[in-house]
Amino acid sequence: MGDVMTPDRARLVELAEAGRTSLASLSAMLGRNPSYLQQFVRKGSPRKLEEADRRRLAEFFGVSEVELGADPDHARPRDADDFIAVPRLPLGASAGPGAFSAEEISFDSFRFSRRWLREMGLEGADLTAIRVEGDSMEPTLRSGDEIFVDRNKRSGEGIHVVRIGDALHVKQVQASAPGRITLISANDSYAPIDLAREEVEVIGRVVWKGGRV
């Protein structure tokens, strides 16, 4: 590239890498063609992001618009309280029965605006993010999808994260006989698992998913 990468473009690359997302998928989120942000970063075209695009990216990453090139005198103030950190856990995480603590074993976190969470109907939820591994819940959830688990919702049927022994699993939870619980995979290749209720610790219900296109 002929010119030196400007701080706003360098910051966008840094944020994308830290968030394990691609410039192409961020461009798609903005409703642009997949090469839009790549061109901005590599070729400086456009020279500055449009205000609406910059604001959307700043909200997505939980940063000030100034970091992405906004004029400090005209950028909207960004209150840190506008954002909520959602800790991410590895699916293999275990803190021992009854001692599940996202803060102790999280390896990363997402930051989401309160407004976005409200729009998704997730305001007030006790959220933890987990990356799905394996194909047992396909096509509903694919390996690599990020899911939000609301730890305030541990009852009722639906897709839940449960602990069996020292491992976490993502399964459809269904009450069966009294004192029994059935864990069902969306993928028909996996047989349902029938367990005594006390063998299963329900961590929370899956309330949101996102992943690569």
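**Notebook: cores, confidence and cis bonds**

I began with the largest nonpolar core, which has 17 residues, and noted that Leu12, Leu23, Leu26, Leu37, Leu57, Phe61 and Leu68 are the members that touch the most others in it. I then looked up which helices feed this core, and found that H1 (7–18), H2 (23–29), H3 (36–43) and H4 (51–61) each supply at least two of its residues. The model I am reading is a predicted one.

I took Leu26 for a separate entry: leaving aside residues up to four places away in sequence, Leu26 touches Ala16, Thr21, Leu37, Leu57, Phe60 and Phe61. Apart from the largest core I recorded another, made of 13 residues, and Val132, Val149, Ile159 and Val170 are among them. As background I wrote down that nonpolar side chains in soluble globular proteins tend to be buried together.

Next I checked confidence. For the chain I noted a mean pLDDT of 82, with 85% of the residues at 70 or more. Over residues 93–104, however, pLDDT stays under 50, and for this stretch I noted 26 contacts in the model beyond four places in sequence.

Last I went through the peptide bonds, with the reminder that most peptide bonds are trans. I found a cis bond from Ser45 to Pro46, where omega is near 5°, and I placed Pro46 in the loop between H3 and H4. Glu138 and Pro139 are likewise joined by a cis peptide bond, with omega about 5°, and Pro139 sits in the loop that runs between strand S3 (127–131) and strand S4 (146–150).

Key. Residues numbered from 1 in each chain as written. Predicted model: local features only at pLDDT ≥ 70, side-chain atom pairs only at ≥ 80, totals over all residues. Heavy atoms only, no water. Core = buried A, V, L, I, M, F, W, Y, C linked by side-chain atoms within 4.5 Å. Buried < 20%, exposed > 50% of the residue type's maximum accessible area, 1.4 Å probe, protein only. Helix = DSSP H or I, 4+ residues; strand = E, 2+ residues; numbered from the N terminus. Contact = heavy atoms within 4.5 Å. pLDDT = per-residue confidence, 0-100.
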